[in-house]
Structure formats: C-alpha cells, structure tokens
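Subject: The structure, and what turned up in it

Hi,

Here is the structure I said I would pass on. Have a look at it first, then read on below.

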Amino acid sequence: MNFINCTYEDHAPAILSIFNHSIATSTALYDYEPRSLDTVKNWFDAKTRLNFPIIGIVDDTNQFMGFATYGTFRAGAGFKYSVEHSVYLDQAHLGKGLGKKLMLELISRAKEQGIHTLIGIIDMENTSSIALHEKLGFIHVGTIKQAGYKFGDWRDCGYFQLLLETPQQPNEQ
C-alpha cells in the first residue's frame with residue numbers, strides 16, 4: 001500500500017467512479033445526479049490552485065483504492081486555518097482500515113501546511129465514519145438537523161472537529 005499525489009490525468013476516471021458510486025448508493029454526498037469528467041476537472045483545478053492535497057492510496061499492483069482531500073471550509077480570510085476534509089474509498093476496499101490510513105496521512109499534510117482545524121461534515125447515520133473520526137480524536141461539535149434531503153428522507157449533518165497544534169505563529173496576513 002502506497003500513498004500517491006493524485007493528478008487529473010492519471011486518476012480522474014477512478015475518482016469519478018468512486019464519487020458516482022457514492023452518489024448513487026450512499027449519503028456520503030447529497031448529490032442526486034452523477035458527476036462528469038468536466039466536474040472532476042474543475043474540482044482538480046480548484047484543489048491545485050489553492051494548494052490542497054488529493055492523496056490517493058494504491059496497492060502493490062498500483063490499483064487505486066481511494067482518496068482523501070480537504071478544501072476551503074468557509075470563505076473569508078479569518079477561516080484560512082480551517083479546512084473541510086473528505087475521504088472516499090472504492091467499494092471493493094471498504095472495511096480494510098484504509099480510511100484510517102488516509103485520514104492519518106491527511107492530518108500529517110494538514111500539519112505541514114499549518115492548518116489548525118480539520119472539519120468533517122458527516123451524515124449522522126454514517127456510523128462507521130463517525131466511529132473512525134472519534135477514534136482519531138475528532139469531537140462532535142454540533143448537528144444541523146434536516147440539512148439535506150436524499151433517498152426520500154431528511155438528513156442530519158454532524159460536524160466533527162480536530163484541532164491541531166499548528167500553525168506555530170498564526171497571522172492575519
């Protein structure tokens with residue numbers, strides 16, 4: 001198992017497949033329609049422009065198993081040290097501990113970039129993701145009731161936060 005830095009050219013189809021499977025079968029994303037390669041291209045471009053990582057995980061045969069990333073939590077200069085993260089796995093690789101490995105790598109990268117707060121927004125029925133976050137030290141800091149609607153039901157979103165000791169010297173520049 002190895003971590004890689006994902007690129008649009010090499011990993012867009014695999015990422016698109018994972019996104020679209022999640023849209024069709026889960027509440028990890030509240031989208032209704034499948035995404036397109038153009039959507040993924042725009043997503044990659046935004047992550048690259050803002051220097052946000054897209055970390056992939058591959059097996060020894062270079063099979064893509066999943067990815068993790070983070071991005072802007074809220075607009076505004078005062079939120080520059082806070083990011084919202086996400087982790088997605090190919091359905092064939094669920095339950096193998098890969099989500100934890102990706103999260104630990106994502107936390108390491110966040111520290112390197114001087115991020116102070118990682119925020120996960122999780123559907124409150126996604127007990128496996130909640131358990132993973134709690135094992136990694138995230139705390140549940142609130143729930144927005146009926147924040148989304150999918151699969152004929154209102155969805156509650158929980159906010160889970162991990163405070164990091166970085167940056168060493170925050171500023172308002």
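What follows is a short tour of the sheet, one residue in a helix, the pockets and some backbone details. Keep in mind that this is a predicted model.

**The sheet**

Let's start with the strands. Strands in a sheet are held together by backbone hydrogen bonds, and they can pair parallel or antiparallel. Here there are 7 strands in an open sheet, and following them across gives S1-S2-S3-S4-S5-S7-S6, with mixed pairing. Which strands stand at the edges? They are S1 (2-5) and S6 (139-150); each has a single partner strand, so one side of each has no neighbour in the sheet. Going from one strand to the next, the twist averages 25°.

For a closer look at one pair, try S2 (residues 54-58) and S3 (residues 64-72): they run antiparallel and are joined by 5 bridges. If you want to find one of the partners on screen, Ile54 is bridged to Thr69 in S3.

Helices pack on this sheet as well. Helix H1 (residues 8-25) touches S1, S2, S3, S4 (82-89) and S6, and its direction makes about 80° with that of S3. Helix H4 (residues 127-135) touches S4, S5 (117-123) and S7 (153-163), and its direction makes about 160° with that of S5.

**A residue to click on: Phe19**

Phe19 is part of helix H1. Is Phe19 buried or exposed? Its relative accessibility is 3%, and the cut-off for buried is under 20%, so Phe19 counts as buried. Leaving out residues up to four places away in sequence, Phe19 touches Leu29, Arg35, Val40, Trp43, Phe67 and Tyr88. Leu104, by contrast, lies 85 residues from Phe19 in sequence and 21 Å from it in space, C-alpha to C-alpha.

**The pockets**

How do you find empty space in a model? A probe the size of a water molecule, rolled over the atoms, shows where space is left.

The largest pocket has a volume of about 1300 Å³. It is lined by 46 residues, and the closest to its centre are Ala28, Ser86, Val87, Tyr88 and Ser129. At least two lining residues come from each of H1, H2 (37-49), S3, S4, H3 (98-112), S5 and H4. By type, the lining has 19 nonpolar, 20 polar and 7 charged residues. You have met Tyr88 already: it is one of the residues that Phe19 touches.

The second largest pocket holds about 180 Å³ of space. Of its 13 lining residues, Cys6, Thr7, Phe44, Thr48 and Ile54 are the closest to its centre. H1 and H2 are the elements that give two or more residues to this lining, and H2 gives the most, with 5 residues. The lining splits into 6 nonpolar, 3 polar and 4 charged residues.

**Backbone details**

Where is the cis peptide bond listed here? It runs from Thr166 to Pro167, with omega near -5°, and Pro167 sits in the segment after S7.

Two residues other than glycine are also worth a click for their positive phi. Asn51 has phi near 60°; it is in the loop between H2 and S2, and is exposed, with a relative accessible area of 54%. Gln146 has phi near 50°, and its place is in strand S6, one of the strands at the edges of the sheet.

Happy exploring!

Notes:
Residues are numbered from 1 along each chain as its sequence is written. This is a predicted model: local features need pLDDT of at least 70, side-chain atom pairs count only at pLDDT 80 or more; totals for chains, interfaces and linings use all residues. Side-chain values use heavy atoms; hydrogens and water are left out. Two strands pair if DSSP finds at least two bridges between them. Helices (H or I, at least four residues) and strands (E, at least two) are DSSP runs, numbered from the N terminus. Axes are lines fitted to C-alpha atoms, for helices over the stretch in contact, and angles run from 0 to 180 degrees between N-to-C directions. Contact means heavy atoms within 4.5 Å. Buried means under 20% relative accessible area, exposed over 50%, partly exposed in between (1.4 Å probe, protein chains only). On a 1 Å grid over the protein atoms alone, a cavity is a set of points where a 1.4 Å probe fits but cannot get out, and a pocket is an open set with protein on both sides within 12 Å along at least five of seven lines; lining residues have an atom within 4 Å of a point. Grid points are joined across faces, edges and corners, and a volume is the space filled by probe spheres set on the points. Ala, Val, Leu, Ile, Met, Phe, Trp, Tyr, Cys and Pro count as nonpolar, Asp, Glu, Lys and Arg as charged, and the others, Gly among them, as polar.
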